[in-house]
Structure formats: C-alpha cells, structure tokens
Amino acid sequence: MTNHIHRLRRRDERTAFLMLFPAFIILTVFGVIPLIMAAVQSFQDYNTHAFTLANYDYIFKTPEFLKSFQNVILFTAIITFCQMILPFLFAHVIKGMLAKASQFVKIIIYLPCLISSVATSVIYAFILNYGGGLLTSIWSSLGKEPISFL
C-alpha cells in the first residue's frame with residue numbers, strides 16, 4: 001500500500017514540475033538573463049568593454065543620484081511602515097468596535113475587491129454574449145456561425 005502511495009506522490013511531483021517548467025523558462029528568459037546581462041554591462045566601459053568600476057564611481061559622486069537614492073530609502077521606509085504596522089493597528093481598532101459597526105467597516109474595506117471582479121465579469125459578458133456581444137458580432141460579420149462562448 002505504501003509503495004502505491006509513493007508512486008502516486010512521485011507522479012504528482014513530476015506533474016507539478018512539468019506545470020512549473022514553462023513559468024520557470026519564461027522567468028529565466030525574461031527576468032534572470034536580462035538581469036545578469038545588465039549587471040555585467042554595468043561593470044564594463046562603454047567603448048572598450050573592459051571591466052571597470054568607473055561607472056559606479058561616477059554615479060555615487062553625482063548629487064542627483066544621491067538625492068534620488070535618499071528618496072528611495074525614505075519612500076521604502078514609509079511604505080513598509082504603512083503596509084506592515086498600520087493594518088495591525090486598524091485591525092485592532094476594528095476588533096474593538098461593536099459587531100454591527102465592525103461588519104460594516106469590513107464590508108466597506110472589502111467592497112473594492114468585489115466590485116472589480118463584478119465589473120470584469122460584466123465587461124466579459126458584454127464581449128462574449130451570444131445574442132449580440134462584440135466578439136460574436138465580429139465573428140458573424142465575417143460570415144461565420146455565432147459561437148456560444150459563455
């Protein structure tokens with residue numbers, strides 16, 4: 001029995017790796033390789049392609065870069081605080097509210113998530129509608145038989 005379970009688990013692992021493989025390839029081709037190429041080029045001289053630190057020496061002596069780097073650090077600190085600490089404080093305040101008020105605040109906070117999903121569904125329903133949606137109308141104007149997408 002355990003051998004059968006082991007074979008099933010092994011098959012599931014193999015299937016999972018096969019499903020992840022295309023994402024891994026895309027991430028490697030469009031993310032990792034360009035990052036490595038940019039890092040290598042940042043250490044090269046523009047004309048001779050020789051290894052040099054002159055690019056970094058120039059950048060770190062530029063006042064505009066130092067000011068922008070300072071702004072990035074400040075922005076990161078503020079955003080990190082706002083996204084890590086304030087939600088805990090807000091959750092603590094909501095927990096201390098009356099039940100009805102707490103439910104109302106939770107609904108108001110979660111409503112934008114629901115609205116975007118509903119709006120997307122309505123837009124796709126208009127596009128894919130069998131009785132006159134945009135895609136069906138274009139398909140029919142090409143002389144084809146309408147297709148029920150939904």
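Select C82 first: its sulfur lies 18 Å from the closest cysteine sulfur, which belongs to C113, and this is too far for a bond. A disulfide is a covalent bond between the sulfur atoms of two cysteines, and the rule applied here asks for a pair of cysteine sulfur atoms within 2.5 Å, a rule by which the count comes to 0 disulfides. C82 is partly exposed at 33% relative accessibility, and C113 is partly exposed as well, with a relative accessible area of 41%; on this scale buried means under 20% relative accessible area, exposed means over 50%, and partly exposed lies in between, with a 1.4 Å probe and protein chains only.

Before moving on, note that this is a predicted model, in which local features need pLDDT of at least 70 and side-chain atom pairs count only at pLDDT 80 or more, while totals for chains, interfaces and linings use all residues. Residues are numbered from 1 along each chain as its sequence is written, and side-chain values use heavy atoms, with hydrogens and water left out.

Next, select helix α1, residues 2-42 (helices are DSSP runs of H or I with at least four residues, and strands are runs of E with at least two, numbered from the N terminus). Within this helix, show the side chains of R10 and E13, which form a salt bridge with the closest N and O atoms 3.6 Å apart; the term requires a side-chain nitrogen of Lys or Arg within 4 Å of a carboxyl oxygen of Asp or Glu. Because E13 and R10 are 3 residues apart in helix α1, about one helical turn separates them. R10 is partly exposed at 48% relative accessibility, and E13 is partly exposed at 34%.

Then colour F21, F24, I25, I26, V29, F30, I33 and M37, which form a nonpolar patch on the surface with about 820 Å² of accessible area together. Patches are made of residues with over 30% relative accessible area and no salt bridge, like charges being joined within 9 Å and nonpolar side chains (Val, Leu, Ile, Met, Phe, Trp, Tyr) within 5 Å; the areas come from the Shrake-Rupley method with a 1.4 Å probe, and for residues only the protein chains shown count as cover. M37, one of the patch residues, is found in helix α1 and is partly exposed at 48% relative accessibility.

Turn now to the aromatic rings, where a search of the whole structure finds 4 aromatic pairs. F43 and F51 form one that is stacked, at 5.7 Å centre to centre with 20° between the planes. Rings of Phe, Tyr and Trp (its six-membered ring) pair if their centres lie within 6.5 Å, and planes under 30 degrees apart count as stacked, over 60 as edge-to-face and the rest as tilted. F43 is partly exposed at 29% relative accessibility, whereas F51 is exposed at 66%. F60 and F65 form an edge-to-face pair, at 5.3 Å centre to centre with 80° between the planes. Add Y56 to the selection as well, as F43, F51 and Y56 form one aromatic cluster.

Finally, select T62 in the loop between α2 (54-60) and α3 (63-84), where T62 is buried with a relative accessible area of 17% and its side chain reaches the backbone oxygen of Y58 at 2.8 Å. Show K61 and D57 too, whose side chains meet in a salt bridge at 3.4 Å, N to O; K61 is exposed at 62% relative accessibility, while D57 is partly exposed at 40%.

Technical notes
Polar contact = N/O pair within 3.5 Å; in protein donor to acceptor, adjacent residues only side chain to side chain.
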